[in-house]
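Student: I'd like a close look at one spot in this model and what surrounds it. Please keep it chatty, but give me the cut-offs as you go.

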Amino acid sequence: MAAIVYDSLLLAAVLFAATAAVLPFNSGHAFRPDQYFYPAYLIGVSFLFFGWFWTHGGQTLGMRAWKIKVLTKDGKSLNWRQAGLRFFSALFSWLIFGIGFWWILFDKRKRSWHDHLSDTAVYLDPNSAGSR
């Protein structure tokens, strides 16, 4: 959970920058609730943020700080399809009060819904930065 908090702070900064990039296209005004492009855009930016890290080494910056890594069950980096399944199923899990994350407490292999759906798992990574 600490990695999620850490990554949420980093994602917030990325989303601020992403908003600043598109604000001029809205005449500099705040986005209204009926402008559905904006939340879809932020979800897309969020997916690219997580997807890029997961497909390039399996670690976000928060995961690196806590020495964990997300990989396929055979120890390889995720592909974009798996990253998409993982991201959108985790997003769905958050929308229903994190039930997919709580599932870890009952799963014998300690895997969440998004781990099951994307055929991935979170592993401890003793070789991460800061493990000297």
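Leaving aside its neighbours within four places in sequence, which residues is A83 in contact with?

Tutor: Before the answer, some ground rules: this is a predicted model, where local features need pLDDT of at least 70 and side-chain atom pairs count only at pLDDT 80 or more, while totals for chains, interfaces and linings use all residues. Residues are numbered from 1 along each chain as its sequence is written, and side-chain values use heavy atoms, with hydrogens and water left out.

Now to your spot. Once the neighbours within four places are set aside, A83 is in contact with F47, G51, W54, T55 and L78 (contact means heavy atoms within 4.5 Å).

A83 also belongs to the largest nonpolar core, which has 12 residues: A3, L11, F47, F49, F50, F53, W54, M63, V70, L78, A83 and F87. A nonpolar core here is a set of buried Ala, Val, Leu, Ile, Met, Phe, Trp, Tyr and Cys residues joined through side-chain atoms within 4.5 Å. Buried means under 20% relative accessible area, exposed over 50%, and partly exposed in between, with a 1.4 Å probe and protein chains only. Two or more core residues come from each of α1, α2 (37-55) and α4 (80-95), and α2 gives the most, with 5. (Helices, H or I with at least four residues, and strands, E with at least two, are DSSP runs numbered from the N terminus.) As a general point, nonpolar side chains in soluble globular proteins tend to be buried together.

Let's stay with α2 and its rings. F50 and W54 both lie in this helix, 4 residues apart, about one turn, and both are buried. Rings of Phe, Tyr and Trp (its six-membered ring) pair if their centres lie within 6.5 Å; planes under 30 degrees apart are stacked, over 60 edge-to-face, and the rest tilted. By that rule there are 12 aromatic pairs. F31 and Y38 are stacked, because their ring centres are 4.2 Å apart and their planes sit at 5 degrees. F50 and W54, on the other hand, make a tilted pair, 5.5 Å centre to centre with 35 degrees between the planes. Ring pairs also link F47, F49, F50, W52, F53, W54, W80, F87 and F88 into a cluster.

What about α1, which also feeds the core? Helix α1 has 21 residues and reaches 31 Å from first C-alpha to last, close to the 30 Å expected, where the expected span is 1.5 Å times one less than the number of residues. Its buried residues are A3, D7, L11, A18, T19 and V22. They fall within an arc of 125 degrees seen down the axis of α1, so they line one face of the helix; the arc is that of the directions from the helix axis to the C-beta atoms. On the other side, V5, L9 and F16 are exposed. Covering the buried residues are, among others, α2, α3 (61-65) and β1 (68-72).

T19 ties this helix to a ring we've already met: not counting residues up to four places away in sequence, T19 touches Y38 and L42. T19 counts as buried because its relative accessibility is 16%. Y38 is buried too, with a relative accessible area of 18%, whereas F31, at 21%, counts as partly exposed.
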